[in-house]
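Q: Pick one part of this chain and walk me through it closely, then work outwards to the rest. Keep it plain, since I'll be following along at the bench with the model open.

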Amino acid sequence: MSLSFDPKTPLTSGIEIIENAVIVPWGDGKSKGFARPAGVFYPDGTPCDAAVCYRSADRATTLSTPFPDEEDISETISGTVLFGGIAYGHFGHALCESLGRLWALDDPDLGIEKIYFHPKQRKTWVKNSLSSVRPMIETLGVKEGLFASNDPIRVERLVVAPQGFGVNELILGSPEFRSFIRGRLQSGDLETADRKIFVSRSKLYSKRGRILQENIIEQHLEAEGYEIFHPQEHSLAEQLDAYRNAKVLISTDNSALHLAAFVVPKEAAVAILIRRPSFIYKDFVGQLKQFANIDPVIIETGQAYWAKASNRVQLNEVYAQVDFPKMGAALKEAGFVSQADWPEVDQKALQQQISTLSENLGYDLEPVKL
């Protein structure tokens with residue numbers, strides 16, 4: 001099953017309201033990769049196609065499952081509930097895949113009182129499955145009750161809004177979703193923005209991929225008046241405030257850019273330093289263009305990459321050696337820095353960092369064959 005999506009086409013007409021809907025968070029059947037059996041049903045047992053969850057337009061994350069027996073339905077939830085999709089624990093996935101239906105909250109006529117999410121992981125205390133999405137949803141000013149379930153439930157009145165955000169094609173967002181996000185999060189104004197920010201990964205725990213010797217980038221950008229910003233050290237409110245007031249933003253291709261695109265002032269200057277050998281950065285380019293009218297400068301200076309030996313390399317866990325003189329020159333040419341005399345990689349320090357990372361990770365990092 002695939003999803004027909006056009007970022008210019010409104011989704012409002014696709015909202016479905018189901019009386020006495022049945023939700024199955026963990027259905028019978030086999031999972032396929034990141035997709036698992038789960039679904040929403042009309043009371044007669046017909047599945048609701050609009051409630052299928054997607055990562056991208058051609059990659060569903062919920063698969064068909066049988067309608068449950070009556071005795072397996074654990075409870076009936078009263079009132080009007082919005083179907084939220086899957087509550088992801090990973091920050092980037094939560095931003096892209098757990099918020100895409102919340103735009104329906106901007107329609108007061110729907111009378112939404114609660115929001116339901118399929119849990120991403122089966123936890124004994126199911127409310128803990130919402131710990132990653134709750135802060136963002138509360139920051140969006142959502143007052144409606146948030147809940148999840150490990151068991152099939154019946155909902156008195158369920159609102160199923162089409163998914164308006166995701167990755168790949170879905171990263172551009174539907175008109176309603178873009179308006180909802182930029183409005184609720186109070187996007188910034190370029191006329192009053194006054195911060196120059198470099199989003200760093202140098203203090204992340206070892207398993208998170210990064211540019212090796214990223215301290216060199218930090219030192220040169222700090223000398224140019226940039227703040228070295230480590231998102232994980234700040235509350236969500238502080239992160240949003242930083243991006244709202246960013247006149248200039250430099251970052252590697254990472255999840256922080258998904259959040260930044262929600263609120264960064266339109267037409268701010270943004271540069272993306274590519275840290276992994278893939279086309280993942282194109283999602284950030286599309287999102288920044290569609291949400292903030294920004295064409296980011298792409299700087300690709302990768303020379304070599306290291307990762308755990310595997311038949312399938314996890315791109316988020318790749319460590320990159322880059323050409324610093326080339327990076328500095330590219331940033332100067334694009335107007336982000338005034339000085340381009342960045343040093344060559346210190347090979348001894350590079351090998352020491354790889355050795356330290358390997359020790360911390362508990363396995364050897366090996367060169368990635370591209």
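**Around one buried tyrosine**

A: Tyr319 is found in strand β18, which covers residues 319–322. Strands here are DSSP runs of E with at least two residues, helices are runs of H or I with at least four, and both are numbered from the N terminus. Before going on: this is a predicted model, so local features need pLDDT of at least 70, side-chain atom pairs count only at pLDDT 80 or more, and totals for chains, interfaces and linings use all residues. Residues are numbered from 1 along each chain as its sequence is written, and side-chain values use heavy atoms, with hydrogens and water left out.

So how much of Tyr319 shows, in relative accessibility? Just 1%, so Tyr319 counts as buried (under 20% relative accessible area; over 50% is exposed and in between is partly exposed, with a 1.4 Å probe and protein chains only). Setting aside neighbours within four places in sequence, Tyr319 is in contact with a run of residues including Ser206, Lys207, Arg208, Gly209, Arg210 and Leu212; contact means heavy atoms within 4.5 Å. Ala304, Tyr305 and Trp306 are also among its contacts, as are Leu357, Leu361 and Leu365.

Now step along the chain to Gln213, in the loop between β12 and α4. Gln213 has a positive phi of about 60° although it is not a glycine. That deserves a second look, because most residues other than glycine have a negative phi. With 6% relative accessibility, Gln213 counts as buried too.

Then comes α4, residues 214–223, whose buried residues are Glu214, Ile216, Ile217, Glu218 and Leu221. Residues three or four places apart in an α-helix point the same way, because there are 3.6 residues a turn. The cover over the buried residues of α4 includes strands β11 (195–199), β12 (210–211), β13 (227–229), β14 (246–252) and β15 (269–273), along with helix α8 (324–333). After α4 you meet Gly225, with a positive phi near 95°.

For a landmark away from here, try Gly183: its C-alpha is 37 Å from that of Tyr319, and the two are 136 residues apart along the chain. Helix α3 takes in residues 175–184, and its buried residues are Glu176, Phe177, Arg178, Phe180, Ile181 and Arg182. Helices α6 (256–263) and α7 (281–292) are among the elements covering them. Just after α3, Gln186 has a positive phi of about 55°.

Another spot to click on is Ser149, in the loop between β9 (145–148) and β10 (153–160). Ser149 has 8% relative accessibility and so counts as buried. Its side chain reaches the backbone oxygen of Asp151 at 2.7 Å. Beyond four places in sequence, Ser149 touches Pro25, Trp26, Tyr116, Phe117, Pro119 and Val126.

Zooming out, the chain has 9 helices and 19 strands, and 52% of its 370 residues are buried. Among contacts between residues at least 6 apart in sequence, 74% join residues at least 24 apart. The C-alpha trace spans about 70 × 50 × 35 Å along its principal axes.

Definitions and conventions
A polar contact is a pair of N or O atoms within 3.5 Å; within protein, one must be able to donate a hydrogen and the other to accept it, and residues adjacent in sequence count only if both atoms are side-chain atoms.
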